[in-house]
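Me: I've just opened this one for the first time. Could you walk me through its hollows and its side-chain contacts?

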Amino acid sequence: MEMAGVMDSAKELDRVRKEQEDVFAEINKLHKRFSQCNPEQIEKLGDSPWLKLRAFYVQAKELAENEVTISSSLISQLDSLMHSGLSSAQRKKIEVEQKKKRMKADSDPRLSSAASVRSLLEQANNLINEQVAARVTTDDAEKDEWFIVKVTRFDRETKEFEVLDEEPGDEEESGQRKYKLPMSRIIPFPKCGDPTTAPDFPPGAQVLAVYPGTTALYKATVVNSHRKLFTGV
């Protein structure tokens, strides 16, 4: 009876994963379609394709949560099946080993669940067409360069953002500058018009400030927090 339950859960897990593949195939099709459009063409598309993309991401999130639920159930069923023929001492040893593995997995930042991966993809999608702060220099550069850029695309394979500096380049550069950057070099801005979403930086904190009339950012030091300025305290 226990084995039948395990097989049923395994089949359900296979079904969910197959459905995930289908959903991500549709998401990739939309991403490819958007990447082939210029800003003017994207505006002409209207809300329909974006609503469709959002619906796919909602579905992907739900499938990821189902995958976690089914996997957890399957683990419990397998544990029960294995423990049924073991002595008390053997079961205790297995439980200790499993606890150690869970603690190791929780402490290892390289290991992430399917749900966290889907969450990252959804967060990345929410930044499309949004302005963000971006460090465009490499990690080994002598000097950091930060700009306000517009996110145009997220590459799911490389986990990198394609961004555009909308300010025209100088005399040595023609057109707008484009970059491909990892999430570690991107800082999303707080929601426009909602100061409650902005961090409350204390006096003395290091932040980025914008040069007037440009997209360039420079490092600055907070003198007064924004909440003190709003309240007049």
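Me: Let's start with the cavity lining: by class, how many residues of each kind does the lining of the largest cavity have?
Reply: First, a word on the ground rules: this is a predicted model, where local features need pLDDT of at least 70, side-chain atom pairs count only at pLDDT 80 or more, and totals for chains, interfaces and linings use all residues. Residues are numbered from 1 along each chain as its sequence is written, and side-chain values use heavy atoms, with hydrogens and water left out. For the classes, Ala, Val, Leu, Ile, Met, Phe, Trp, Tyr, Cys and Pro are nonpolar, Asp, Glu, Lys and Arg are charged, and the others, Gly among them, are polar. Sorted that way, the lining has seven nonpolar, four polar and one charged residues.

Me: And what volume does the largest cavity have?
Reply: On a 1 Å grid over the protein atoms alone, a cavity is a set of points where a 1.4 Å probe fits but cannot get out, a pocket is an open set with protein on both sides within 12 Å along at least five of seven lines, and lining residues have an atom within 4 Å of a point. Points are joined across faces, edges and corners, and the volume is the space filled by probe spheres set on them. The structure holds one cavity of 30 Å³ or more, and the largest has a volume of about 90 Å³.

Me: Which elements give two or more residues to that lining?
Reply: The lining includes His31, Trp50, Asn125 and Arg153. Helices (H or I, at least four residues) and strands (E, at least two) are DSSP runs, numbered from the N terminus. The elements asked for are α1 (2-35), α3 (48-83), α5 (114-126) and β2 (146-155).

Me: What about the second largest pocket: which residues lie nearest its centre?
Reply: This pocket has a volume of about 390 Å³. α1, α2 (39-45), β2, β3 (160-165) and β4 (177-182) each supply at least two lining residues. Of the 17 residues in the lining, those nearest the centre are Cys37, Pro39, Thr152, Leu164 and Lys178.

Me: On to charges: how far apart in sequence are the parts that Lys219 and Asp144 tie together?
Reply: A salt bridge is a side-chain nitrogen of Lys or Arg within 4 Å of a carboxyl oxygen of Asp or Glu, and Lys219 and Asp144 meet in one at 3.9 Å, N to O. Lys219 lies in strand β7 (residues 216-221) and Asp144 in the loop between β1 (131-135) and β2, so the parts they tie together are apart by 75 residues.

Me: Is Asp155 buried or exposed?
Reply: Asp155 forms a salt bridge with Arg153 (3.9 Å, N to O), and both belong to a network with Glu162 and Lys180. Buried means under 20% relative accessible area, exposed over 50% and partly exposed in between (1.4 Å probe, protein chains only). Asp155 has 12% relative accessibility, so Asp155 is buried.

Me: Last one: what kind of aromatic pair do Phe154 and Phe161 form?
Reply: Rings of Phe, Tyr and Trp (its six-membered ring) pair if their centres lie within 6.5 Å; planes under 30 degrees apart are stacked, over 60 edge-to-face and the rest tilted. There are two aromatic pairs by this rule. Phe154 and Phe161 are both buried. Their rings are 4.9 Å centre to centre with 55 degrees between the planes, and the pair is tilted.
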